Amino acid sequence: MKIDHSESLKEYTEKLLIEITESPKRRQYLFTSSKSEIRNVLEDIVIDNDRGRSIKLAAKRLLNKEKEAQEALKSKKLKVEILKGSLFQAYIEVEGKESIIICKADHTEFLDENSLTVRSGLPWDKKIFKAALVRLKKGIIQEEVDVLDANLSKYWWREFLELEEKHTDSYNTEKSMEHFDNRIFNSIRKKHPSDYQILRNSFVGYYRNNEIFEVEDFIDSLFSNYEPEDKTLNIDSLVAKIRSLPEKLGFDKTFNISKADIKKRMREKVKISEAIDLLLKTDIPNFKKTLSSGKTQSGQMYLQILTDNEKVYKEFLRSEDE
């Protein structure tokens with residue numbers, strides 16, 4: 001579909017650019033080779049080497065990769081349909097910076113209010129399925145590519161665009177857990193110990209119970225309904241720090257969680273006394289009810305742990321006068 005140049009098209013493209021660059025779901029990839037087919041196609045688009053032919057080659061390549069992916073899903077007896085859409089490609093220059101946008105978007109039908117006929121076109125509102133932003137420097141395609149895809153579909157970034165992850169899922173999982181643990185949760189441990197235990201438990205639970213990490217979803221999961229035990233705890237400051245860490249310390253804001261890499265961060269040993277350590281092996285449902293502390297009438301501190309293990313209960317059962 002050929003689209004004539006217009007202010008609306010310019011605005012549509014600018015909206016795509018903003019959505020890709022500002023989305024917390026954006027992930028960085030690298031071209032696997034300087035000689036890959038899709039990279040050669042993009043270079044031909046840049047130098048206008050039969051640009052129309054190059055655009056069609058990219059669209060045909062995506063269609064073929066989608067068909068292969070659909071067949072693979074069918075062979076695994078998975079009832080998943082790859083969504084149909086339009087491939088939008090734009091070679092743009094904004095404030096002297098060149099880039100190529102490749103976007104698979106919902107191709108919608110609508111009733112034209114003037115002609116009263118059904119027409120089809122690209123969606124004006126946000127309906128991106130998948131997108132990539134390829135940057136250029138002095139006309140040369142750069143290695144790093146920004147990809148936006150909620151499902152992190154391999155047929156899009158690996159098969160169609162021929163990219164590789166800048167950071168692997170294993171790296172992202174390990175580094176994000178390490179930095180959140182050390183720089184976010186440990187930072188509140190001394191001043192807000194009760195909140196530390198509750199929030200760290202939720203942090204571990206997020207990684208254990210989700211397949212994909214998304215920084216805004218992570219923040220929402222931990223803080224959307226959280227009422228601090230210590231009212232002086234600054235939640236806004238914690239949220240701001242969490243948002244800043246991926247870019248600051250070099251891991252992605254969205255990635256597939258590598259379950260093999262969460263185990264060492266799940267465990268925490270709590271010293272109860274010189275003779276007793278409490279080992280927290282994973283996240284605990286109903287954390288505040290399961291683990292709590294108190295004081296006897298004489299002022300002696302104790303830790304209370306709920307259990308459904310009758311054997312353990314009986315082993316530690318004591319008469320009230322002891």
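Student: How do the residues lining the largest cavity divide into nonpolar, polar and charged?
Tutor: They divide into 5 nonpolar, 3 polar and 2 charged. Here Ala, Val, Leu, Ile, Met, Phe, Trp, Tyr, Cys and Pro are nonpolar, Asp, Glu, Lys and Arg are charged, and the rest, Gly included, are polar. This is a predicted model, where local features need pLDDT of at least 70 and side-chain atom pairs pLDDT 80 or more, while totals for linings use all residues. Residues are numbered from 1 along each chain, and side-chain values use heavy atoms, without hydrogens or water.

Student: Cool, which residues line the largest cavity?
Tutor: Q197, R200, N201, V204, M266, E268, L280, T282, I284 and F287 do. A cavity is a set of points on a 1 Å grid where a 1.4 Å probe fits but cannot get out, and lining residues have an atom within 4 Å of a point.

Student: Which helix gives the largest share of that lining?
Tutor: Helix 6, residues 193-209, supplies 4 residues of the largest cavity's lining.

Student: And how much space lies in there?
Tutor: About 60 Å³ in the largest cavity.

Student: New topic! How many cavities of 30 Å³ or more are there?
Tutor: The count comes to 2. The second largest cavity holds about 30 Å³ of space.

Student: What lines the second largest cavity?
Tutor: Its lining is R27, Y29, L152, K154, W157, E165, D169 and N256. Strand 1 (26-31) and helix 4 (154-160) each give two or more residues to that lining.

Student: How does the second largest cavity's lining split by class?
Tutor: You'll find 3 nonpolar, 1 polar and 4 charged residues there.

Key: 1 Å grid on protein atoms, 1.4 Å probe; cavity = no way out; pocket = protein on both sides within 12 Å on 5 of 7 lines; lining within 4 Å. Points joined across faces, edges and corners; volume = space filled by probe spheres on them.
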